[in-house]
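The following exercises are to be worked with the sequence and the coordinates at hand. Each task is followed by a solution in steps.

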Amino acid sequence: MKRFTRLLALLLIFSTLPAVATDKAKAFYKQGLEAEERQDYITAYNFYHQAYELKPTDIQYRASFERVRFLASAAHVHKGQLLEKSGKLQEALTEFEQGVAIDPSSFIAQQEANKVRRQLEQATQPTPPTTTEATQSALHKRMEEAGGPVELAPIANTPITLKLSADSKTIYETIGKLAGINVLFDPDYTSRVIRVELNGVNLQEALEITALESKTFWRPVTPNTIFVAADSPAKRKELEQSVIRTFYLTNLSQPNELQDLVNILRTLLDTQRLQQFASQQAIVVRGTPDQIALAEKLIDDLDKSRPEVVVDVVIMQVQRNKLRDLGITPPTNASVALVDNTVTSTSTSGSNVGTGNGSVTTTTGNATGTINLNTLAHINATNFQVTIPPATASFLYNDSTTKILQQPQIRALDGQKASLKIGQRVPVATGSFQPGIGGVGINPLVNTQFNYIDVGVNIDVTPRVHGTDQVTLKVAMDISAVDSY
């Protein structure tokens, strides 16, 4: 008896487990919806994931789980970037790794995780000095001097206050003495009397104001020496310092974008000393420091990462046929038939010995069950038979399933078309026939070509991102199959 009781208890427990799992899955799904409305995508992803693990056959749970995957990964990446800016590299690496774990296809999460990992390795493992360190340092210094302009390093950084009306050479020399720099003049330079009034300006501003007043320009020769000359195109071309700078572009998606950027720089900078390096997606620019600064600003403004749109595509074999028949069906017709219940009586008279005279009455009915004219006058309620069919009670419920054939993702850049092709490529023969020339012996010529056509499910998606919260999709869908060969 005890063994039977234990077996019954186990059966009851196992029968209630699916119902409990279904209730928990519904609760997790509801909490996920609430978190998604609050735009807490990480919490929503966790709840959807738990609901999907409890009931993996439910398409609604799976669709919600896959939909929030990208948003949850992006939220971890955003948190990691904020931690990286604040200097918390280890915590930032944890956020990036969680983003990769949620969405392994997230390129930005992998890139940020690798970058922070390299920073941590460099911080913990300093590079040991080598025997050629001094030589490399000198070479690096010469490379910096060749690639970049000479910067002034004045001895005194105190603000300059000067009110003076004198020769321009005298004003330049006075400013140089106040800042602790040397001033050299071009032999062809002709001085003129100007008036300057400087109130609490730095060295750079003081030199620019003086150059504007005296129609001159200056350039640094060493960190504590400047050279002054008359402001003319010939002198600028002769004395202006050239700087070489290489700009690496990281957000180009098409080869023609590099050429477009080079054309913009050539037009706006008014220089032809630009060279593109397509294999490295780089641009080498040679020009004055002002031109290099303008080129850097233009490249920073134009080399922006383009928005990316992820489209989840689910191709299902849908056989959704629900049949529900619940209730009672009453009778809808009735039949009435005539029944012959009339009787006829016959009497027989005779004599019996010992008993006297007597009579016997016999009752007979119509064996055929029909009514004749003699009995028509005696019809009453007992001659009718009413037949009513029975009522029908139905309790029927039928629900078919849906089979998922493919569930890919399409990642497309803003304005760029992305294609998804599921199926096969079928060759189609096309050609021409050229008959031979009669009597000459030239055989007919047959020219056959084969074109391959994509047969199946073909989807072309072109997204367009408007601002930060709106996306429009241009979708072209083609579903085809081979009818016959």
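**Exercise 1. State how many helices and strands the chain has, and describe its burial, contacts and surface.**

Solution. The model is a predicted one.
Step 1: the secondary structure comprises 11 helices and 21 strands.
Step 2: the chain has 485 residues, of which 25% are buried, where buried denotes a relative accessible area under 20%.
Step 3: take the contacts between residues at least 6 apart in sequence; 63% of them join residues at least 24 apart.
Step 4: the exposed area of the chain is about 33,700 Å², and carbon and sulfur atoms supply 55% of that area.

**Exercise 2. Determine which strands pair with S8, in which sense, and over how many bridges.**

Solution.
Step 1: locate S8 at residues 282-287; strand S7, residues 274-277, pairs with S8 in the antiparallel sense over 4 bridges.
Step 2: assign partners between these two strands. Leu-274 is bridged to Val-285 of S8, and Gln-275 is bridged to Val-284 of S8.
Step 3: examine the connection. The hairpin of S7 and S8 has 4 residues between the strands, and Gln-281 adopts a positive phi near 50° there.
Step 4: turn to strand S6, residues 243-248, which also pairs with S8 in the antiparallel sense, over 6 bridges. For Phe-247, the bridge partner in S8 is Ile-283.
Step 5: a general principle helps in reading such pairings: side chains in a regular strand alternate between the two faces of the sheet.

**Exercise 3. Characterise the largest pocket by its volume, its central residues, and the elements and residue classes of its lining.**

Solution.
Step 1: the volume of the largest pocket is about 1,500 Å³.
Step 2: its lining consists of 40 residues, and those closest to the pocket centre are Phe-70, Arg-306, Pro-307, Glu-308 and Val-309.
Step 3: identify the contributing elements. At least two lining residues come from each of helix H3 (59-85), helix H5 (107-124), strand S9 (308-312), strand S18 (409-413) and strand S21 (470-479).
Step 4: rank the contributions; H3 gives the most, with 10 residues.
Step 5: place two of the central residues by number. Phe-70 falls within the range of H3, and Glu-308 falls within the range of S9.
Step 6: sort the lining by class, which yields 16 nonpolar, 14 polar and 10 charged residues.

Notes:
Residues are numbered from 1 along each chain as its sequence is written. This is a predicted model: local features need pLDDT of at least 70, side-chain atom pairs count only at pLDDT 80 or more; totals for chains, interfaces and linings use all residues. Side-chain values use heavy atoms; hydrogens and water are left out. Two strands pair if DSSP finds at least two bridges between them. On a 1 Å grid over the protein atoms alone, a cavity is a set of points where a 1.4 Å probe fits but cannot get out, and a pocket is an open set with protein on both sides within 12 Å along at least five of seven lines; lining residues have an atom within 4 Å of a point. Grid points are joined across faces, edges and corners, and a volume is the space filled by probe spheres set on the points. Ala, Val, Leu, Ile, Met, Phe, Trp, Tyr, Cys and Pro count as nonpolar, Asp, Glu, Lys and Arg as charged, and the others, Gly among them, as polar. Buried means under 20% relative accessible area, exposed over 50%, partly exposed in between (1.4 Å probe, protein chains only). Contact means heavy atoms within 4.5 Å. Accessible areas come from the Shrake-Rupley method with a 1.4 Å probe; for residues, only the protein chains shown count as cover.
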